[in-house]
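Biologist: I keep meeting labels in structure reports and taking them on trust. Could we go through some of them and check each one?

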Amino acid sequence: MWVYFFTGHPDATRSVLARSGDGGVTFEPVYEVSADRLRTISPVPGPAPEGSGFVGPGVYLFGSGAYRASSPYLAFVPLDGVGDPDEIVYLGGTGEGAARWVADEAAAEPLFEQPCLGELSASWNEPLGRWLLLYNCDDPRGINLRSAPEPWGPWSEPVVVFDPWEDGGYCEFIHASWDDRRCDEVHDPGREGEWGGEYGPYVIDRFTTGADGRSTIYFTNALSGKQHAGV
């Protein structure tokens, strides 16, 4: 089992690849992946892209940098080279629909400009025949969704699929500060005056359904268990 961990929050955020040989009971670190473009990572398996220098299966690494202050980035690593950081290549831009891959993380170009990402979740949606990217953002506020025909794009404009006020978050399962209004009891002791917030919209692929260009996805959300959105 290989797991990409986000650690060091809030002052030294970075991603670390770790490996488990006992089904996830214990892990050993393999290497630090990034303290730059890919501090948070959402890995998705897929075939090697043209121009990457690889053939066969691998893993697309969708990621973001500084917490809630980064646009998304993309990298690829071959499946047989997951444990070797020198095997990672980064999206260095696109031209005429083709992706350009570079070995230097500092030369990576964002998938699109929206420097607000915290946690993010990428997935391939078979009923839609498109890639989906969910992430929390403050402009526009809420859980944003974009889609694209290829991992590198072109990506659609964002659609807010969960607004903490409009979609029954605050005063239900997300805590609203008692300094503003007293409408819930979902807070830790002594934190009545702190605001909760939406984050971590991780798609649960096995629950995805759909056909004929329509799909329903399920994703986790802050303190909520499951939230769903039709696409």
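Biologist: Let's start with charges: which residues are linked in a network of salt bridges?

Modeller: Those are Asp188, Arg191 and Glu194. Keep in mind that we're looking at a predicted model. The whole structure holds eight salt bridges.

Biologist: What makes Arg14 and Glu32 a salt bridge?

Modeller: Their side chains come to 3.4 Å, N to O. The cut-off is within 4 Å for a Lys or Arg nitrogen and an Asp or Glu carboxyl oxygen, so the label fits. Arg14 sits in strand S2 (residues 14-19) and Glu32 in strand S3 (residues 28-34), so the contact ties together parts that are 18 residues apart in sequence.

Biologist: And why are Arg14 and Glu32 called partly exposed?

Modeller: Buried means under 20% relative accessible area and exposed means over 50%, with partly exposed in between. Arg14 has 27% and Glu32 has 46%, so both land in the partly exposed range.

Biologist: How do you know that Arg141 and Glu198 form a salt bridge?

Modeller: Their closest N and O atoms are 2.7 Å apart. Set that against the limit of 4 Å and the pair qualifies. Arg141 belongs to strand S11 (residues 141-148), while Glu198 is in the loop between strand S12 (159-162) and strand S13 (209-211), so parts 57 residues apart in sequence are tied together.

Biologist: Is Glu198 buried or exposed?

Modeller: Glu198 is buried: its relative accessible area is 3%, and the cut-off for buried is under 20%. Its partner Arg141, at 36%, counts as partly exposed.

Biologist: What about Asp180 and Arg181: what makes them a salt bridge?

Modeller: Their side chains meet at 2.7 Å, N to O, and that is within 4 Å, so the name is earned. Asp180 is partly exposed at 43%, and so is Arg181 at 40%.

Biologist: Why is Arg206 called exposed?

Modeller: Arg206 has 70% relative accessibility, and exposed means over 50%, so that one's settled. You'll find Arg206 in the loop between S12 and S13. From Leu117 it is 89 residues away in sequence and 25 Å away in space, C-alpha to C-alpha.

Biologist: Which residues form a nonpolar patch on the surface?

Modeller: Met1, Phe5 and Phe27 do, with about 270 Å² of accessible area together. Take Phe27, in the loop between S2 and S3. A patch residue needs over 30% relative accessible area, and Phe27 has 32%, so it passes that test. With that value, Phe27 counts as partly exposed.

Biologist: On to the strands. What makes S4 and S8 edge strands?

Modeller: Five strands form an open sheet in the order S4-S5-S6-S7-S8, with antiparallel pairing. Strand S4 (40-47) and strand S8 (98-102) each pair on one side only. From one strand to the next, the twist averages 35 degrees.

Biologist: How do you know that S7 and S8 are paired?

Modeller: Two strands pair if there are at least two bridges between them. Strand S7 (residues 89-95) is joined to S8 by five bridges, so the pairing holds, and the two run antiparallel. Leu91 stands opposite Trp101 in S8.

Biologist: Now the rings. Why is the pair of Phe62 and Trp155 called edge-to-face?

Modeller: It is one of 16 aromatic pairs. The ring centres are 6.4 Å apart, and the limit is within 6.5 Å, so Phe62 and Trp155 count as a pair. Their planes stand at 90 degrees, and edge-to-face means over 60, so that label fits too. Phe62 is in strand S5 (residues 57-64) and Trp155 in the loop between S11 and S12, 93 residues apart. Both Phe62 and Trp155 are buried.

Biologist: What makes Trp101 and Trp152 edge-to-face?

Modeller: Here the values are 6.2 Å centre to centre and 90 degrees between the planes. The distance is within 6.5 Å and the angle is over 60, so Trp101 and Trp152 are an edge-to-face pair. Trp101 lies in strand S8 and Trp152 in the loop between S11 and S12, 51 residues apart. Trp101 and Trp152 are both buried.

Biologist: Which residues do ring pairs link into a cluster?

Modeller: The cluster is made of Phe54, Tyr60, Phe62, Phe76, Phe112, Trp124, Trp131, Tyr135 and Trp155.

Terms used
Residues numbered from 1 in each chain as written. Predicted model: local features only at pLDDT ≥ 70, side-chain atom pairs only at ≥ 80, totals over all residues. Heavy atoms only, no water. Helix = DSSP H or I, 4+ residues; strand = E, 2+ residues; numbered from the N terminus. Buried < 20%, exposed > 50% of the residue type's maximum accessible area, 1.4 Å probe, protein only. Patch = residues over 30% accessible without salt bridge, like charges linked within 9 Å, V, L, I, M, F, W, Y side chains within 5 Å. Areas by Shrake-Rupley, 256 points an atom, 1.4 Å probe, with all protein chains shown as cover. Axes fitted to C-alpha atoms, helices over the stretch in contact; angles between N-to-C directions. Phe/Tyr/Trp six-rings, centres within 6.5 Å; stacked < 30°, edge-to-face > 60°.
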